[in-house]
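Here is a friendly note to read alongside the structure. Please keep the view open as you go through the points.

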Amino acid sequence: MGIAALVTWLITAAGGFVMLGTWISRGGHRPDSGSRLAPGLVFGHAALAAIGLVLWIVHLLLDDRVLAWVAFAALLPVALLGFTMLARWIPTRRSGTAESRFPVPVVVGHGLFAVATLVLTALAALGTGGR
C-alpha cells in the first residue's frame, strides 16, 4: 500500500509541476498578472506537498509508522490549499490569466491522483495491505 501511495504521489507531483511551470512561465507569480492564485497559496501548496513526499519516502525506507502519520498529516493542509486553488481556478478558465492556460486533463488528473494519494496514504499509515 505504501508503494502504491508513493506512485500516486509522484504522478500527482508530475501534474503539479506541469501546472506550476505553466503558471510561472505565464507570469502568474507577478502582482500585475491578474492571477487569482496568490504566490503564497501556490508555493505553500507545492512546498507542503514536497515535504510530505520526502517524509513518505523516508517512512518507506525506515518503515517508521510515526513518519507515515506525519506525512499524512502534511497532506491535509495540502488538500485544503488545493481545493482553494481549484475553487479560484474554475471561474478563471477562460479569463486569459496564467492559470487559465492549465490543461484541463492535467487539472482533473492531478485532483484525482491527489485524492487517491490521500486515501492510500491513510490506509498505509493504518497498516492496511502491507507495505
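Which residues of α3 are buried? That is a good place to begin, bearing in mind that this is a predicted model.

1. **Helix α3, inside face.** The buried residues here are Leu67, Ala68, Ala71, Phe72, Ala74, Leu75, Val78, Met85 and Trp89. They pack against α1, α2 and α4. It helps to remember that an α-helix has 3.6 residues a turn, so residues three or four places apart point the same way.

2. **Helix α3, length and start.** With 25 residues at 1.5 Å each, α3 should span 36 Å, and its end C-alpha atoms are indeed 36 Å apart, so the two values agree. Look also at the start of α3, where a side-chain oxygen of aspartate 64 comes to within 2.9 Å of the backbone nitrogen of valine 66.

3. **The loop before α3.** Aspartate 63 sits in the loop between α2 and α3. Its phi is positive, about 55°, although this residue is not a glycine. Is aspartate 63 buried or exposed? Its relative accessibility is 52%, and the cut-off for exposed is over 50%, so aspartate 63 counts as exposed.

4. **Histidine 59.** This residue belongs to helix α2. Its relative accessible area is 6%, so histidine 59 is buried. Neighbours within four places in sequence aside, histidine 59 contacts Asp64, Arg65, Leu67 and Ala68. Two of these residues, Leu67 and Ala68, appear among the buried residues of α3.

5. **The largest nonpolar core.** How many residues make up the largest nonpolar core? There are 12: Ala5, Leu6, Trp9, Leu53, Trp56, Leu60, Ala68, Ala71, Leu75, Leu120, Ala124 and Ala125. Two or more of them come from each of α1 (2-25), α2 (39-62), α3 (65-89) and α4 (104-125). Another core, of 11 residues, lies apart from this one and includes Leu20, Trp23, Leu37 and Val42. As background, nonpolar side chains in soluble globular proteins tend to be buried together.

6. **Tryptophan 9.** This member of the largest core is worth selecting in the viewer. Not counting neighbours within four places in sequence, tryptophan 9 is in contact with Ala49, Gly52, Leu53, Trp56, Ala71, Leu75, Thr117 and Thr121.

7. **Threonine 117.** Among those contacts of tryptophan 9 is Thr117, a residue of helix α4. Is threonine 117 buried or exposed? Its relative accessible area is 2%, so threonine 117 is buried. The side chain of threonine 117 makes a polar contact, at 2.9 Å, with the side chain of threonine 8. Residues up to four places away in sequence aside, threonine 117 touches Ala5, Thr8, Trp9, Thr12 and Leu75.

8. **Helix α4 as a whole.** The 22 residues of α4 should span 32 Å at 1.5 Å a residue; the end C-alpha atoms are 31 Å apart, so expectation and model agree. Along with Thr117, the buried residues of α4 are Val107, Gly109, His110, Leu120, Thr121, Ala122, Ala124 and Ala125. Their cover includes α1, α2 and α3. Just after α4, glycine 127 adopts a positive phi of about 90°.

9. **The largest pocket.** This pocket has a volume of about 900 Å³. Its lining has 33 residues, and those nearest the centre are Met19, His45, Gly82, Met85 and His110. Helices α1, α2, α3 and α4 each give two or more residues to the lining. Which element gives the largest share of the lining? That is α4, with 9 residues. Two of the residues nearest the centre also appear above as buried: Met85 in α3 and His110 in α4.

10. **Tryptophan 89.** Back in helix α3, tryptophan 89 has 7% relative accessibility and therefore counts as buried. Beyond residues up to four places away in sequence, tryptophan 89 touches Glu99, Ser100, Phe102, Val104 and Val107. Tryptophan 89 and arginine 36 are 53 residues apart in sequence, yet their C-alpha atoms are 7.3 Å apart.

11. **Proline 103.** Finally, visit the loop between α3 and α4, where proline 103 lies. With 34% relative accessibility, proline 103 counts as partly exposed. Its C-alpha atom is 23 Å from that of proline 31, and the two residues are 72 apart along the chain.

Notes: Residues are numbered from 1 along each chain as its sequence is written. This is a predicted model: local features need pLDDT of at least 70, side-chain atom pairs count only at pLDDT 80 or more; totals for chains, interfaces and linings use all residues. Side-chain values use heavy atoms; hydrogens and water are left out. A nonpolar core is a set of buried Ala, Val, Leu, Ile, Met, Phe, Trp, Tyr and Cys residues joined through side-chain atoms within 4.5 Å. Buried means under 20% relative accessible area, exposed over 50%, partly exposed in between (1.4 Å probe, protein chains only). Helices (H or I, at least four residues) and strands (E, at least two) are DSSP runs, numbered from the N terminus. Contact means heavy atoms within 4.5 Å. The expected span of a helix is 1.5 Å times one less than its number of residues. A polar contact is a pair of N or O atoms within 3.5 Å; within protein, one must be able to donate a hydrogen and the other to accept it, and residues adjacent in sequence count only if both atoms are side-chain atoms. On a 1 Å grid over the protein atoms alone, a cavity is a set of points where a 1.4 Å probe fits but cannot get out, and a pocket is an open set with protein on both sides within 12 Å along at least five of seven lines; lining residues have an atom within 4 Å of a point. Grid points are joined across faces, edges and corners, and a volume is the space filled by probe spheres set on the points.
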